[in-house]
Amino acid sequence: MTDILRLAGVSREYKMDGVTFQALRDVSLTIKQGEFIAIMGPSGSGKSTLMHLIGCLDRPSSGKIFIEGKDIIGANDRELAEIRNTHIGFVFQQFNLLRKTSALANVELPLIYAKIASRARRERAIEMLKEVGLAEKMSNFPSQLSGGQQQRVAIARALITNPSIILADEPTGNLDSKSGKDIMDIFENLHAHGRTIVLVTHDENVAKHAKRIIRIADGEIMNDKGKMKL
Amino acid sequence: MNMFEPIRLALRSLRTNKVRSLLTMLGIIIGVSSVILLVSIGSGLQDYITTQFQSLGANTIYIMPGKIDLKNVSSAGQSMMTSKLETADVNNILHGSSVITDIGPAVAASGLLTYKGKTISTETAGIWENYFTITNFEAASGDIIRQSDVERSRKVVVLGDKPAADLFGDADPVGQSIDISGVRYLVKGRLAAKGSGAMGSNVDDHAFIPYTTALRQFSFTNPQMIVLKVANQNDIAPAIEDINHVMLRRLKDTDFTVLQQTELLNTITQFLGVITVALGGIAAISLLVGGIGIMNIMLVSVTERTREIGLRKAVGATSRDILFQFLIEAIILSLTGGIIGISIGALGSLALRSVIKTAVTLWSVGLAAGFSTVIGIIFGVAPAVRASQLDPIEALRYE
């Protein structure tokens with residue numbers, strides 16, 4: 001299995017009012033193709049910081065990050081945006097769909113920034129919505145969809161660029177248990193089809209779907225169970 | 001992204017907030033339409049005055065008694081009464097200058113014109129036979145005043161279009177007799193209308209009788225005015241020089257004034273030009289206010305759409321993509337407002353046509369369109385930069 005993502009001795013500190021806060025210290029971590037990982041930890045543990053680094057939304061203070069072997073430390077903002085576009089598929093707790101914008105247009109969004117022509121965008125977005133079972137809702141606005149349906153639209157949006165990693169931040173946090181289970185089923189299914197998934201959660205019931213659980217506390221990895229063997 | 005993608009994005013987001021977009025444009029619409037409208041009124045006035053003057057004869061020069069200050073026109077009245085001009089000056093000037101083609105003295109008095117019991121008051125001018133050539137008047141029917149009329153002090157009158165219409169309606173007055181202040185005159189002709197509009201003195205509201213007849217009827221001894229004409233524009237300056245040369249031999253320079261159309265016209269158009277620019281400037285201030293309105297709304301919009309910006313960045317938008325999206329939104333708002341404003345201003349100016357000849361000038365349209373685009377850019381930059389520099393992590397957390 002190839003390495004999708006590798007963090008080598010990554011630290012991240014924040015300076016606030018002259019006080020330095022160490023959010024992550026010397027974290028090393030390798031994520032391989034097809035893994036289904038849950039990152040767990042209490043709030044303030046550094047799991048959000050880790051997620052932002054994996055998602056290329058942030059840069060480490062020291063250490064190195066490689067995505068599919070490519071060092072991203074030297075990348076400028078534009079290159080980082082391109083890496084997010086092609087390698088990362090985000091799924092958020094709040095869904096983050098554009099309101100007054102159809103489900104179809106929401107799913108198309110990443111392809112606009114990938115400079116794909118509008119007809120091809122549309123075709124692929126319809127395909128993705130079919131995959132999450134929402135083809136008949138494609139012209140609905142987010143406000144006309146249930147929470148579970150909105151999150152499925154968001155997953156379709158995350159999948160449309162065929163990213164290296166699906167990065168989901170508390171994807172069931174705003175859903176009732178039934179919808180939450182549906183969403184987890186989708187993730188299970190994606191995993192079965194060989195997708196690499198990283199879940200960030202504090203919910204043990206969600207985390208147990210994952211094959212590997214990384215526990216974080218005080219900016220360090222405490223426990224890393226179920227790592228894939230070579 | 002290609003050229004059109006940011007425009008499509010901006011249009012989509014403006015469409016989702018139709019009412020707000022329209023309200024934002026309102027400032028620009030009002031500003032642009034008032035610039036167009038006010039400038040069109042100003043230049044309409046300028047055109048109007050220019051045509052009026054040209055219809056009076058562009059190469060015409062007037063010698064008036066007394067000192068007339070163009071900036072203090074009210075002083076003209078008194079000096080008319082004590083005219084030191086003499087009929088002999090006419091020949092002296094004609095012999096003293098090589099560029100003057102026609103010259104004649106004139107007097108004027110308020111005359112009461114009566115026909116079949118109907119009486120009207122009209123400025124009655126006593127004129128030399130070449131007056132009509134000098135001032136570009138033509139007879140619509142009958143004939144004008146001729147040399148023999150002046151020589152023999154005939155009691156004939158040529159009516160301007162207005163008194164003719166007032167006394168005779170559509171009927172031909174030629175050959176009829178009318179009384180002018182108690183003396184019977186034969187109507188010799190009716191002049192073609194020059195068509196003065198709603199403003200200013202009416203050049204058609206005159207009656208003309210031979211100069212010699214007028215002197216006797218109104219007890220004048222001196223001409224109140226000497227009117228002359230040169231062949232072309234270039235002859236005006238030498239003509240004035242010659243006139244001054246001849247006249248100063250006999251009179252002080254405070255006893256007469258040489259007026260010419262172009263000088264008068266220039267003064268008036270200059271004045272109107274200043275007014276037009278001032279009106280445009282005042283209206284342009286409202287454009288500025290409109291621009292501030294756009295900036296205000298765009299800043300609100302950036303704050304409101306913080307999460308959207310964060311999301312767009314997370315899925316691959318660069319800072320430049322976000323910058324262009326918001327900048328183009330601002331430009332589309334102001335440009336659309338500008339186009340609507342131009343249409344409204346042009347329609348308004350068209351509607352005013354019946355009252356005053358307005359003219360929508362190309363420069364005011366260009367200025368308004370250019371100005372509103374520039375305003376969109378200037379006032380759109382700050383919000384767009386703010387949007388583009390949002391940290392995606394912070395933006396996604398924003399509640």
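## A tour from the core outwards

Start by selecting A:Ile37, A:Ile39, A:Leu129 and A:Leu199: in this predicted model, they touch the most other members of the largest nonpolar core, which holds 114 residues. Such a core is a set of buried Ala, Val, Leu, Ile, Met, Phe, Trp, Tyr and Cys residues joined through C-beta atoms within 7 Å, where buried means that 20 or more other C-beta atoms, placed from the backbone, lie within 10 Å of the residue's own. Now colour helix α2 of chain B (residues 18-55), which gives this core its largest share, 12 residues; helices are DSSP runs of H or I, at least four residues, numbered from the N terminus.

Zoom in on A:Leu129. Leaving aside neighbours within four places in sequence, its contacts (C-beta atoms within 7 Å) include A:Ala103, A:Val107, A:Met138 and A:Ala156.

Next, try B:Ile93, B:Val150, B:Leu191 and B:Val227, which are among the 46 residues of another core, apart from the one above.

For chain B as a whole, colour domain 1 (4-52 + 268-397) and domain 2 (85-250), with bounds from an automatic or database domain assignment. Their centres, over C-alpha atoms, are 55 Å apart.

Finally, show the contact between the chains: 20 residues from chain A and 17 from chain B. On the chain A side, α2 (77-87) and α3 (103-113) each give two or more residues, and α2(A) gives the most, 6.

A note on conventions: residues are numbered from 1 along each chain as its sequence is written, and chains are lettered from A and ligands numbered from 1 in the order written. As this is a predicted model, local features need pLDDT of at least 70 and side-chain atom pairs count only at pLDDT 80 or more, while totals for chains, interfaces and linings use all residues.

Definitions and conventions:
Contact = placed C-beta atoms within 7 Å. Buried ≥ 20, exposed ≤ 12 C-beta atoms within 10 Å, placed from the backbone.
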